[in-house]
Amino acid sequence: MSRPSIVIIGGGLAGLSTGCYALANGWSTTILEHNIALGGVCTAWRRGPYLIDGCIHWLTGGPFSKIYAELGIIPPLATRPLEHFATVADAEGAWEVRIDNDLTGIAGALRAISPADGAAIDGLFAAIDAVVGVAPPIDKPPEITSLREQLRGLWEDRHELAILFRYRSTITSWLDENITSPALRRVLLALVPGEAPILFLMMVLGYLQRGWLSRPVGGTEAFRDALIERYRALGGEVRLDATADEVLVREGRAEGVRLGDGTIVRGDLVVSTSSAPETVLRLLGGRYGRDALDQRLARWKLFDPIVLASFGVARPLADAPSTLVLDGLKGVEIAGRAVDRLTLRIYNDDPAFAPAGHTVVQVLMPTDYEWWATQGSAYGDARDRVAAAILALLEARFPGIAADVKMTDVATPLTFWRSARSWRGAFEGWMPSADSFSQHVPKTLPGLDGFYMAGQWVEPGGGVPTALMSGRQLVQILCDAAGKPFVAPSLGSSAS
Ligand SMILES: Cc1cc2nc3c(=O)[nH]c(=O)nc-3n(C[C@H](O)[C@H](O)[C@H](O)COP(=O)(O)OP(=O)(O)OC[C@H]3O[C@@H](n4cnc5c(N)ncnc54)[C@H](O)[C@@H]3O)c2cc1C
């Protein structure tokens, strides 16, 4: 008997994860990917002898590690726990703070910036352990968790929940209420977005301390390829350069996908991992779930689009911190927007990225989608000007670096749109916020059967672990509906 089939729109992490779990549980799968390569925004690319890493700065492990193991990514891939998270430096050299994997050290460094705020810092750090102690709901999706199980979970976490409640406000409002020092504010805002709940920062620091934040050896490329290999080994099919234009619906049930070239791909189920606006407004013509999407678009912020400028430099930069945030730039305008902060990644911690004696220096800078989308034929020149402006800022920190640049690569919001259909450049979907974090986004749309969604647009805040988790949880929901036990790929059979 042939296996029931799933057509998956999108071959990013969520599409690949959905595919792996579905294959292990008896479905056949076809991924339709718009790009000419798999991986979505979790990708890396080569320019001459340099490997440009377009994604993983920190991989969240801890409770999420089981998903990497189930998918056969880690192991075999090795990881290096982060010892250094970031150095935040005042652009004019007034102060510099190292954030390492030692909470006592971080708290001390923050107190040193502003002794007057010591009590607030101590209170925050004292609560981190309790926050980290609450396990995220990975094992079972809420859709198939009974009321009894939910109540048991709430009872078990009752002490920690009081602390979670106390720290649910945004980082910005917590800072407004508790911190007097402008420099201290700037350090904390340089670490995670100000719209995120303060809990998010506490979780990141707690995970850092426990060694649960790491980088894969070989970077994003190795991580992405391990997942792709797993999907193919399980027997999954892929069509690259295949843009879905419409989800076909008959009598309230999805029955396939029409591609941009008119080809029809039929399936028993259809899963979209495309952006929420593309899925709801374009692929389904606004007929299902439009009101809920409109409300989210009105209330929640999207991730700011970014410029990702990478420079291959003939310098080892061995002593530079691997992540450096230059904060408090003054009078700088790039791509039509005032820039007061640059985040630098210095790839000096893994030989995969550059030949000996060379380093890739990467700058991540928020930018405006509209500005880039209206450059017309001046787009190429605009990109070159932006690269030159960023390099001029790097000169202040690394004098003479411009003369050592051997390779320049600039990805703009339009690059993210063209290669991964990141809607208006929102490469990570919904920005984490107190509201978006606390609200569950359903994986189905009202009135439409046989259709599901996975990926960062149903997991506000995005990220590698949650994109993978959403594929796992979706297949758990499908297994539950089919009345069969759920099997993890590393334990289950191959497709044959
Ligand atoms: C610069 C950068 C740094 C990051 N750093 C980290 C980090 O340090 N740690 C971390 O955990 N996360 C990080 N992330 C976030 C993480 O990479 C993403 O949240 C995750 O990879 C999203 O996976 P996804 O499959 O949900 O979405 P996507 O990767 O967006 O995949 C969606 C796929 O669907 C395809 N698609 C869309 N529409 C169609 C269509 N109509 N037809 C066919 N195909 C379609 C797209 O081309 C794409 O391949 C980072 C992301 C970026 C860009």
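**Close-up 1. What surrounds the ligand in this predicted model.** The shell around the ligand is a mix of 16 nonpolar, 18 polar and four charged residues. In total, 38 residues surround the ligand. If you want the closest ones, look for Gly 10, Gly 12, Gly 40, Ser 274 and Gly 455. Helix 1 (13–24) and helix 18 (464–482) are the elements that give two or more residues to this shell.

**Close-up 2. The ligand and its two domains.** Domain 1 (5–45 + 217–301 + 428–482) gives residues to the shell around the ligand, and domain 3 (306–423) does too, so the ligand lies between them. The domain assignment also gives a domain 2 (97–210).

**Close-up 3. Strand 2 and its partners.** Strand 1 (residues 5–9) runs parallel to strand 2 (residues 28–32), and five bridges pair them. Here Ile 9 has Leu 32 in strand 2 as its bridge partner. Put helix 1 together with strands 1 and 2, and you have a right-handed β-α-β unit. Strand 2 also pairs with strand 10 (residues 237–239), again in the parallel sense, over three bridges. In that pairing, Thr 30 stands opposite Glu 237 of strand 10.

**Close-up 4. Where domain 1 touches domain 2.** The centres of these two domains, taken over C-alpha atoms, are 30 Å apart. Their contact takes 12 residues from domain 1 and 14 residues from domain 2. On the domain 1 side, helix 17 (434–438) and helix 18 each supply at least two residues. Helix 18 has the largest share of that side, with five residues. By type, the domain 1 side comes out as six nonpolar, four polar and two charged residues.

Definitions and conventions. Residues numbered from 1 in each chain as written. Predicted model: local features only at pLDDT ≥ 70, side-chain atom pairs only at ≥ 80, totals over all residues. Near = placed C-beta within 6 Å. Helix = DSSP H or I, 4+ residues; strand = E, 2+ residues; numbered from the N terminus. Nonpolar A, V, L, I, M, F, W, Y, C, P; charged D, E, K, R; others polar. Domains from an automatic or database assignment. Pairing = 2+ DSSP bridges. Right-handed = clockwise from strand over helix to strand, strands pointing away. Contact = placed C-beta atoms within 7 Å.
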